[in-house]
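Reader: I've got a protein model open on my screen and no clue where to begin. Can we walk through it together?

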Amino acid sequence: MYEAHSIAVIVAHPDDDAYGCAGSIALHEHDPGFRFVLVLATDGAAGQISRGVPATPETLGAWRRVESSNAWKAHGTVPARHEWLGYADGHVAEADFEELVARLQSILEAERPQVVATFGPDGITGHRDHIAIGRAADEAFHRARCVPGPGLRRLVHGAIRASVFERWNTARRRAGAEAWDPGREYHLRPVPDEAIDIEVDTSAVCSRIVAGLLEHRSQREVLIEPGASVRRWERMVSREPAVMAWPPRAAGQPVLADLFEGL
């Protein structure tokens with residue numbers, strides 16, 4: 001029996017969802033019964049405010065909620081469910097872990113998505129909020145899949161290939177910019193190439209990914225280096241690598257080309 005493709009993306013801040021699986025979502029939006037659920041732990045109220053954006057530290061959270069909504073409209077696939085958990089930006093790790101897991105488990109048991117996408121232990125940037133929500137999402141996934149029902153067939157962690165990381169760092173050094181240091185919080189953390197289990201070619205929809213990213217105006221200077229062209233941005237998002245946290249990829253199995261391949 002055909003099981004409709006569905007995905008729940010569980011991340012910490014508005015714009016965390018804009019990278020990593022936005023292309024995969026665009027590629028599957030017309031699948032029969034496709035459903036996309038987005039869960040955000042915080043509204044990003046402690047984030048930076050890019051030049052020219054009339055938000056203040058007091059209004060940034062509300063501003064970023066609007067940016068998140070606008071970003072998915074620009075992308076072209078609006079979440080069927082857009083859930084805000086309401087934790088304080090920068091303090092997710094301080095939240096009661098069991099409460100956070102229970103809230104996520106409730107959503108996963110209600111939605112029963114085929115795929116759950118979140119952060120791995122590295123948080124991609126080492127951000128404590130990323131690590132905390134990823135850990136809680138992993139636990140919620142495993143608890144929810146023990147409850148009989150459909151879905152919950154794959155848990156994936158967004159990742160950056162080590163080879164790509166090195167290429168980006170080489171370009172940064174040549175441009176006189178500070179290189180990414182994986183030992184520092186807010187700096188990118190690579191995953192060994194051989195640990196990548198899924199890599200999706202999203203070049204056909206890269207313009208849609210960037211259209212969504214551009215709506216996160218308050219964070220533009222954080223998302224990409226100032227002066228970078230849209231074309232460069234499109235090249236950067238033309239592939240979406242991920243680690244398959246559960247079930248593990250069988251030994252000898254080739255890298256999958258789609259989040260739903262084999263399900």
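**Starting with the whole protein**

Author: Sure, and a good place to start is the inside: buried residues make up 51% of the 263 residues in the protein. Keep in mind that this is a predicted model.

Reader: How many helices and strands does the protein have?

Author: Try colouring the model by secondary structure. Counting along the protein, you get eight helices and seven strands.

Reader: What is the radius of gyration, and how compact does that make the protein?

Author: The globule rule gives 18 Å for 263 residues. The protein's own value is close to that, so it is as compact as a globular protein of that length. Its C-alpha atoms fill a box of roughly 55 × 45 × 35 Å along the principal axes. The radius of gyration you asked for is 18 Å.

Reader: Which way does H2 run relative to H6: roughly parallel or roughly antiparallel?

Author: Two packed helices are described by the angle between their axes and the distance between the axes. Helix H2 (residues 60-75) and helix H6 (residues 206-214) have axes 7 Å apart and pack at an angle of about 160 degrees. Angles over 145 degrees count as roughly antiparallel, so H2 is, relative to H6, roughly antiparallel.

Reader: Which residues of H6 make the contact with H2?

Author: H2 passes H6 in a right-handed crossing. From H2, the contact is made by Ala71, Ala74 and His75. By class, the contact of H2 with H6 has four nonpolar, two polar and one charged residues. On the H6 side, look for Arg208, Ile209, Ala211 and Gly212.

How values were computed. Residues numbered from 1 in each chain as written. Predicted model: local features only at pLDDT ≥ 70, side-chain atom pairs only at ≥ 80, totals over all residues. Heavy atoms only, no water. Axes fitted to C-alpha atoms, helices over the stretch in contact; angles between N-to-C directions. Helix = DSSP H or I, 4+ residues; strand = E, 2+ residues; numbered from the N terminus. Parallel < 35°, antiparallel > 145°, perpendicular 65-115°, else oblique. Left-handed = near helix turned anticlockwise from the far one by under 90°. Contact = heavy atoms within 4.5 Å. Nonpolar A, V, L, I, M, F, W, Y, C, P; charged D, E, K, R; others polar. Rg over C-alpha atoms; globule rule 2.2 N^0.38 Å. Buried < 20%, exposed > 50% of the residue type's maximum accessible area, 1.4 Å probe, protein only.
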